[in-house]
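The exercises below go with the model shown here. Work through each task with the structure open before reading its solution.

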Amino acid sequence: MADRVNVFAGSHFDRLGHRRRDRDWLDEALQNGRAAFIPVYNDRSLVLTDPGPSAVMLEPGELASELHDGAILLGEFGDRICFAVDVGEGEPGQAPAFSSGSFRGLRTVGLTFPQDQAALLAYAQAMVLWHRRHRYCGRCGAPSQGNDCGHALHCTEPGCGQVIFPRIDPAIIVLVEHDGRALLGRQPSWPEGVYSTVAGFVEPGESLEDAVRREVAEETGVTVGGVSYHSSQPWPFPSSLMLGFRAVATEPSISLNDNELEDAQWFSREDLASSLQNGRLRVPPQLSISSRLIAHWYDDGVTGRLAAVIDALTRG
Ligand SMILES: [Zn+2]
């Protein structure tokens, strides 16, 4: 199972959930020299690429003091107590300058990071983006205010008092197989040649396995029988949780019912490897759960083979 830890996932730090309502502890943590701040600008994180890559953690003195008040407790990472902090939104060239690092998107640098730092930065982004999108109560429209070290927002209208918790949007992603072949499709907006697994958001009132069967039927017309869980990946762009599955088709005929895909095909392992090698086909970036679902299906539980092909092509 250790092989199923996806990029941005993993229990690399103590989230200190029991400290979120402890004001005295928080005040002490902010002043005892262990506090470190993880800044988020737009949807970008401050990273050092040379030498690196690594996450830049700011010391309290590097941030305007008013930003300390809105800091969101992430947890204990090594010997530091880490907080996420929103340093604003604007043009990429207008990002605030700090003594080191530059603001980069995690989708482009996430794979190259140490796994624990990638997870910490993704968590920081998820929390900051959630705060930005919930500045007002959805029930009465009054401003919201952070509580629990930023892990809850309370409506400021006394007659309402709604509490808003961080939002996560579950989405299924599934590798469907039939008779030794895998079902892959492409959306028209994707880069040329890229094919991926079927994916879509879970709807209210729907189980995960129902969502798998519905999405596959809507996008490809294929009927799915057995569904089994593979692994999951936080995808905080802004708030998805990708839930990965494998499934077996009972009726493999393809019809593109909802026009989300412009093509879908069944690929044998031989088709897949030769199409990757001759450049007719590309798969999503290696940091995505989709790429890992495809590689694990190809390798059928034996790691390394297709992953090695993709890795060589990516580097080459
Ligand atoms: Zn309200």
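**Exercise 1. Positive phi outside glycine**

Task: locate D148 in the predicted model, and state how exposed D148 is.

Solution. D148 sits in the loop that links β7 (144-147) to β8 (152-155). Its phi is near 50°, which is positive although the residue is not glycine. For exposure, count C-beta neighbours: D148 has 17 inside 10 Å. A residue is buried at 20 or more and exposed at 12 or fewer, so D148, with 17, is partly exposed.

Task: do the same for D179. Is D179 buried or exposed?

Solution. D179 lies in the loop between β10 (169-178) and β11 (181-186). Phi of D179 is near 55°, again a positive value in a residue other than glycine. The count inside 10 Å is 9 C-beta neighbours, so D179 is exposed. As background, most residues other than glycine have a negative phi, and most peptide bonds are trans.

**Exercise 2. Cis peptide bonds**

Task: describe the peptide bonds that lead into P51 and P238, and place each proline.

Solution. The bond joining D50 and P51 is cis, with omega about -5°. P51 belongs to the loop between β2 (44-48) and β3 (54-55). From F237 to P238 the bond is also cis, and omega is near 10°. P238 is in the loop between β13 (223-235) and β14 (240-251).

**Exercise 3. The surroundings of β1**

Task: which strands pair with β1, and in which sense?

Solution. Start with β5: six bridges join β1 to this strand, and the two run parallel. Within this part of the sheet, I38 stands opposite A84 of β5. Next take β2, which pairs with β1 in the antiparallel sense over two bridges. Here Y41 has R44 in β2 as its bridge partner. β1 and β2 form a hairpin with two residues between them, and N42 in the turn has a positive phi of about 50°.

Task: why is β1 described as largely enclosed?

Solution. Six of the seven residues of β1 are buried, so the strand is largely enclosed by the rest of the structure.

**Exercise 4. Nonpolar cores**

Task: which elements build the largest nonpolar core, and which gives the largest share?

Solution. This core has 41 residues, and those with the most contacts inside it are I38, L74, C82, F83, A84, L120 and A124. Two or more residues each come from β1 (35-41), β2, β4 (72-77), β5 (80-86) and α4 (115-133). The largest share is that of α4, with 12 residues. Take L120 as an example: leaving aside residues up to four places away in sequence, L120 touches H12, F13, I38, A55, L74, F77 and C82. Another core lies apart from this one and has 37 residues, including V224, A247, L261 and I289.

**Exercise 5. The whole chain**

Task: state how the chain is divided, and why the chain counts as compact.

Solution. The division is into domain 1 (2-133), domain 2 (136-166) and domain 3 (169-315). The centres of domain 2 and domain 3, over C-alpha atoms, are separated by 38 Å. In secondary structure, the chain has eight helices and 15 strands. Its radius of gyration is 22 Å, close to the 20 Å from the globule rule for 316 residues, so the chain is as compact as a globular protein of that length. The C-alpha trace spans about 60 × 50 × 35 Å along the principal axes. Buried residues account for 34% of the 316 residues. Of the contacts between residues at least 6 apart in sequence, 66% join residues at least 24 apart.

Note on methods:
Residues are numbered from 1 along each chain as its sequence is written. This is a predicted model: local features need pLDDT of at least 70, side-chain atom pairs count only at pLDDT 80 or more; totals for chains, interfaces and linings use all residues. Helices (H or I, at least four residues) and strands (E, at least two) are DSSP runs, numbered from the N terminus. Domain bounds come from an automatic or database domain assignment. A nonpolar core is a set of buried Ala, Val, Leu, Ile, Met, Phe, Trp, Tyr and Cys residues joined through C-beta atoms within 7 Å. Two residues are in contact if their C-beta atoms, placed from the backbone, lie within 7 Å. The radius of gyration is taken over C-alpha atoms; the globule rule is 2.2 Å times the number of residues to the power 0.38. Two strands pair if DSSP finds at least two bridges between them.
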